[in-house]
Amino acid sequence: MEPPSNTTALDFILLGLFSHTQVHLFLFSVVLVIFTASLMGNALMILLICRDPRLHTPMYFLLSQLSLMDMMLVSTIIPKMAANYLMSVKSISPAGCGSQIFLFLTLAGGECFLLAAMSYDRYVAVCQPLRYHVLMSSKLCVHLTLGSWFLGAADGLMQAGTILSFPFCHSRTINHFFCEAPSLVRLACADTKVFEFFMYICCILMLLIPLCLILASYSLILVAVLHMRSSAARKKAFATCSSHLAVVGLFYGAIMFIYMRPKSHQPRKRDKVVSAFYTIFTPVLNPLIYSVRNKEVKGALRKWLQKTV
């Protein structure tokens with residue numbers, strides 16, 4: 001098949017996630033529905049948190065930032081993937097590819113630190129309830145949020161700039177549905193050992209350290225829950241912690257599977273499916289797990305609907 005006329009020699013070629021078959025067309029439609037649900041669910045969460053004074057607490061402020069990151073994450077990847085699929089165009093410019101790498105790493109890295117901040121908030125609320133407003137002050141909450149955005153952006157800027165500086169003298173075909181750092185590193189015809197070592201250091205800082213903090217926080221929460229006298233309170237706490245950890249496990253497990261492997265590992269079709277978990281599915285799960293099951297959020301939603309109807 002002839003390449004599209006608007007494709008230049010410097011453009012990268014994204015092979016995409018789906019082919020033009022009936023089954024894949026159905027799956028593509030499902031992804032669009034998930035994308036729409038993710039945008040609507042996260043936008044609704046931000047709206048409710050901003051409008052309802054009862055939700056002006058550190059926990060819900062962090063949730064609003066998580067929703068904002070998830071909205072931006074799916075908007076960074078899915079529209080371009082959908083446009084390429086519908087128009088039968090697979091090319092993406094180096095600038096567009098670099099933008100995807102930067103935005104994805106900024107948002108995914110920021111979300112890693114934000115999830116750690118949210119786990120600390122839950123630890124203080126359960127284990128130190130009398131000191132909650134001291135240990136989780138508004139000032140600290142803002143600092144944690146700004147730190148998450150800054151660290152994610154710093155990682156994204158360094159990796160995107162470095163990757164695009166490599167020469168790509170052979171194939172520019174990326175076996176993926178978006179520009180992801182490990183996929184481009186495999187295409188570079190240069191010695192990338194130093195950069196790969198740098199990527200591992202970034203993974204330790206951006207993934208393993210926040211994950212350890214999350215596990216430590218929830219371990220202390222579970223210990224506190226086991227000492228609760230009320231069986232109903234224990235059951236509620238266990239259900240909340242298990243659902244939160246399920247989302248954390250899905251997000252961290254999938255992203256570590258992709259980013260903490262050597263360049264010599266050859267990409268497979270399942271790698272694209274794994275990437276879909278943290279780019280497509282977790283953004284729509286987060287508002288459901290963290291928020292919609294919450295009685296305060298449901299009350300804010302009913303109050304907002306009564307005013308608008």
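**Entry 1: S38 and its surroundings**

I began with S38, which counts as buried at 0% relative accessibility. The model I am reading is a predicted one. I located S38 in helix α1, and that helix covers residues 22-51. Setting aside residues up to four places away in sequence, I listed the residues that S38 touches as V74, P283 and V284.

**Entry 2: V74**

I followed the contact from S38 to V74. V74 lies in helix α2, which runs over residues 58-87. Is V74 buried or exposed? I found a relative accessible area of 0%, so V74 is buried, the cut-off for that class being under 20%. Beyond its neighbours within four places in sequence, V74 is in contact with F35, S38, L39, P79, T279 and P283. P283 is thus listed for V74, and P283 is also listed for S38. I also took a distance from V74 to I92: the two are 18 residues apart along the chain, and their C-alpha atoms are separated by 17 Å.

**Entry 3: T282 in α9**

I next looked up T282, which is found in helix α9, residues 269-292. Its relative accessible area is 1%, so I entered T282 as buried. Which residues does T282 contact once neighbours within four places in sequence are left aside? I recorded L250, F251 and F277.

**Entry 4: The loop between α2 and β2**

I turned to the loop that joins α2 (58-87) to β2 (91-92), where S88 is found. S88 is not a glycine, yet I read a positive phi of about 55° for it. With a relative accessible area of 46%, S88 is partly exposed. V89 has its place in this loop between α2 and β2 as well. I noted 15% relative accessibility for V89, which therefore counts as buried. From V89 I took one distance to T308: the separation is 219 residues in sequence and 42 Å in space, C-alpha to C-alpha.

**Entry 5: Packing of α1 against α10**

I returned to α1 and examined its packing with helix α10, residues 295-308. The angle is about 85°, and the axes are 10 Å apart. I therefore describe α1 as roughly perpendicular to α10, a class that takes angles of 65 to 115 degrees. From α1, the residues in the contact are L44, M45, L47, L48 and R51. From α10, they are V297, A300, L301 and W304. How do the residues of this contact divide by character? I entered eight nonpolar, no polar and one charged.

**Entry 6: The whole chain**

I closed with figures for the chain. Its secondary structure comes to 10 helices and three strands. Along the sequence I read the order β-α-α-β-α-α-α-β-α-α-α-α-α. For 309 residues, a compact globule would have a radius of gyration near 19 Å; I noted 21 Å for the chain, which agrees. Along the principal axes, the C-alpha atoms fill a box of roughly 65 × 50 × 30 Å. Of the 309 residues, 44% count as buried; I had already entered S38, V74, T282 and V89 as buried. Among contacts with a separation of 6 or more, I found that 78% come from residues 24 or more positions apart. I put the accessible surface of the chain at about 15,600 Å², with 70% of it belonging to carbon and sulfur atoms.

Conventions:
Residues numbered from 1 in each chain as written. Predicted model: local features only at pLDDT ≥ 70, side-chain atom pairs only at ≥ 80, totals over all residues. Heavy atoms only, no water. Axes fitted to C-alpha atoms, helices over the stretch in contact; angles between N-to-C directions. Helix = DSSP H or I, 4+ residues; strand = E, 2+ residues; numbered from the N terminus. Parallel < 35°, antiparallel > 145°, perpendicular 65-115°, else oblique. Contact = heavy atoms within 4.5 Å. Nonpolar A, V, L, I, M, F, W, Y, C, P; charged D, E, K, R; others polar. Rg over C-alpha atoms; globule rule 2.2 N^0.38 Å. Buried < 20%, exposed > 50% of the residue type's maximum accessible area, 1.4 Å probe, protein only. Areas by Shrake-Rupley, 256 points an atom, 1.4 Å probe, with all protein chains shown as cover.
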